[in-house]
Amino acid sequence: MAIDTSAVIDVTSPNTLADPFTPPADSSLWRKNFLLGAATASYQIEGAVNEDGRLPSIWDTFSATPGKVLAGDTGAVACDHYHRWEADIDMLAGLGLEGYRLSIAWPRVMDASGAPNRKGIDFYKRLLARLKEKGITTFVTLYHWDLPQYLEDRGGWLNRDTAYRFADYADLMSRELAGSVDAWATLNEPWCSAYLGYGNGHHAPGLADGRFATQAMHHLLLAHGLAVPVLRANDPGSQIGIVANIGRGTANSDSAADQRAAHLFEVQHNAWILDPLLKGAYPRDLWELWPGTEPLVLDGDMKTIAAPLDFLGINYYFRTNVESDGAHGFREVPLEGVERTQMGWEVYPDGLRDLLIGFKGAYGNLPPIYITENGMASDDKVSDGRVDDAQRISFLKRHLAAVDQAIKAGVEVRGYFLWSLMDNFEWAFGYERRFGVVHVDYSTQKRTVKRSAELVSRFLKERKAQV
Ligand code: FCB
């Protein structure tokens, strides 16, 4: 198959274009009700891991384990957002961003007996009150990977009981914060929690067993399903959803075996999560790919998991080109000559469009979609007080164009959150990989607005001013 080079650009030059960001006049992005915001997550930005009664999470343990995180970095200080939250929210509002997706640190708000931690809860109350004051729409994720370590000590997501503890946590938070959250997301990227956390060990808690991954996934999805009615009952004015990362798999050739490999890649990345949520069943092809790994499913679980959603959050980053491994699976064939980011991920906006359109065809009940994360890492440097992140500007423009194309093809996409508001602790890659539209100098905690944020801001202000 010919390599598609249409997306390859000279990343040193896009800023010389007259307008490197502003969407064309006919773009759906100009609609004032298309929410444009930025996202973060608790462990990646807050720091203050021992303050005000916060208990350890699996990421404290994992990042303290030698060899798990690049350069031995941890989230102990991160962006010090726990202390700088007011200035950070002012910065977000100053940029004109209309939505903010944040997550709550479970170990900050509840102890092992299930008792609330007032100081931790008050932090989020203050934060949400400030966001409301600024007129910013809030998307709150309950679980962005920082499981309390005391739950991991009892088996974590391998223990069915964790799903019930999650429902208790969702109950507490939605009672405490009712009325100040516009949209609740139960989980962020269960694929990463299950596969990277329990399947290959690249993420906390660092276990590596195929059967662990499928059982952890089942308990994560069950946790989600148990929490949905609780959130609805406690906070009826809010939208309830979940956030899934999705991956585009393309076949390295037209051969039936490679086409099948690409299909299986997407089953593993997408259908593994979306089928249970939207069809109430695991995709059967998954057990062809991973024979003998079916999780233990109790009567009624699939119905609980398939609780109707108000929205589906989609995180998209890159595509993977695959071929058949000669047996039942796939293996990656990295493409040469394509544009990549600091993560080595291929820049492939068409993948986002194609997946969205594909989901619309595959799931008759596809809920309205928010792109809850999209963005890229680059090795950004401050020079003369400025950060010219030309590749990111071009990346964002092209991915927003892909979203527009999906909308025009009939997919209901209601908004888009940049990942991320600011550079932060990028999990196993520590602080080296910079995903922010705002630069963070970790030695001084100085924030510097990058050129990408300036252009997004300019667009939002222009859109707001339009009659
Ligand atoms: C996603 C995570 C997010 C961030 C981006 C780059 O998988 O949800 O926290 O690390 O990747």
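**Figure 1. Strand β1 and its pairing partners in the predicted model.** Strand β1 is joined to strand β9 (residues 413–419) by 5 bridges, and these two strands run parallel. Within this pairing, leucine 35 of β1 stands opposite glycine 415 of β9. Strand β1 also pairs with strand β2 (residues 99–103), again in the parallel sense, over 3 bridges. There, alanine 39 has arginine 101 of β2 as its bridge partner. The structure shown in this and the following views is a predicted model.

**Figure 2. The two faces of strand β1.** In a regular strand, side chains alternate between the two faces of the sheet. In β1, Leu35, Gly37 and Ala39 point one way, whereas Leu36 and Ala38 point the other way. The residues on both faces are buried. Because 5 of the 5 residues of β1 (residues 35–39) are buried, this strand is largely enclosed by the rest of the structure.

**Figure 3. The surroundings of the ligand.** The ligand occupies the space of the largest pocket. The residues around the ligand are Gln44, His144, Trp145, Asn188, Glu189, Tyr317, Glu373, Trp419, Glu426, Trp427 and Phe435.

**Figure 4. Polar contacts of the ligand.** Three of the surrounding side chains are shown here with their distances to oxygen atoms of the ligand. For glutamine 44, an N or O atom of the side chain is 2.7 Å from an oxygen atom of the ligand. For histidine 144, the corresponding distance from a side-chain N or O atom to a ligand oxygen atom is 2.8 Å. In glutamate 189, a polar side-chain atom lies 2.5 Å from an oxygen atom of the ligand. Taken alone, the ligand exposes 300 Å², and the protein buries 95% of that area.

**Figure 5. Two cis peptide bonds.** The peptide bond from alanine 204 to proline 205 is cis, with omega near 10 degrees. Proline 205 is placed in the loop between α8 (190–199) and α9 (210–234). A cis peptide bond is also found from tryptophan 419 to serine 420, with omega near 15 degrees. Serine 420 has its place in the loop between β9 and β10 (438–441). Tryptophan 419 is also one of the residues around the ligand.

**Figure 6. Alanine residues with positive phi in the loop between α2 and α3.** Alanine 71 has a positive phi of about 60 degrees, although this residue is not a glycine. Alanine 71 is found in the loop between α2 (58–63) and α3 (81–94). Alanine 78, likewise not a glycine, has a positive phi of about 50 degrees and is found in the loop between α2 and α3. Alanine 71 is exposed, with a relative accessible area of 74%, whereas alanine 78 counts as buried at 4% relative accessibility. The cut-offs for these terms are over 50% for exposed and under 20% for buried.

**Figure 7. Glycine 53 and phenylalanine 330.** Glycine 53 lies in the loop between α1 (42–45) and α2. At 46% relative accessibility, glycine 53 counts as partly exposed. Glycine 53 and phenylalanine 330 are separated by 277 residues in sequence, and the distance in space from C-alpha to C-alpha is 46 Å.

Conventions:
Residues are numbered from 1 along each chain as its sequence is written. This is a predicted model: local features need pLDDT of at least 70, side-chain atom pairs count only at pLDDT 80 or more; totals for chains, interfaces and linings use all residues. Side-chain values use heavy atoms; hydrogens and water are left out. Buried means under 20% relative accessible area, exposed over 50%, partly exposed in between (1.4 Å probe, protein chains only). Helices (H or I, at least four residues) and strands (E, at least two) are DSSP runs, numbered from the N terminus. Two strands pair if DSSP finds at least two bridges between them. A residue is near a molecule or strand if one of its heavy atoms lies within 4 Å of it. A polar contact is a pair of N or O atoms within 3.5 Å; within protein, one must be able to donate a hydrogen and the other to accept it, and residues adjacent in sequence count only if both atoms are side-chain atoms. Accessible areas come from the Shrake-Rupley method with a 1.4 Å probe; for residues, only the protein chains shown count as cover. On a 1 Å grid over the protein atoms alone, a cavity is a set of points where a 1.4 Å probe fits but cannot get out, and a pocket is an open set with protein on both sides within 12 Å along at least five of seven lines; lining residues have an atom within 4 Å of a point. A molecule sits in a cavity or pocket if more than half of its atoms lie within 2 Å of its grid points.
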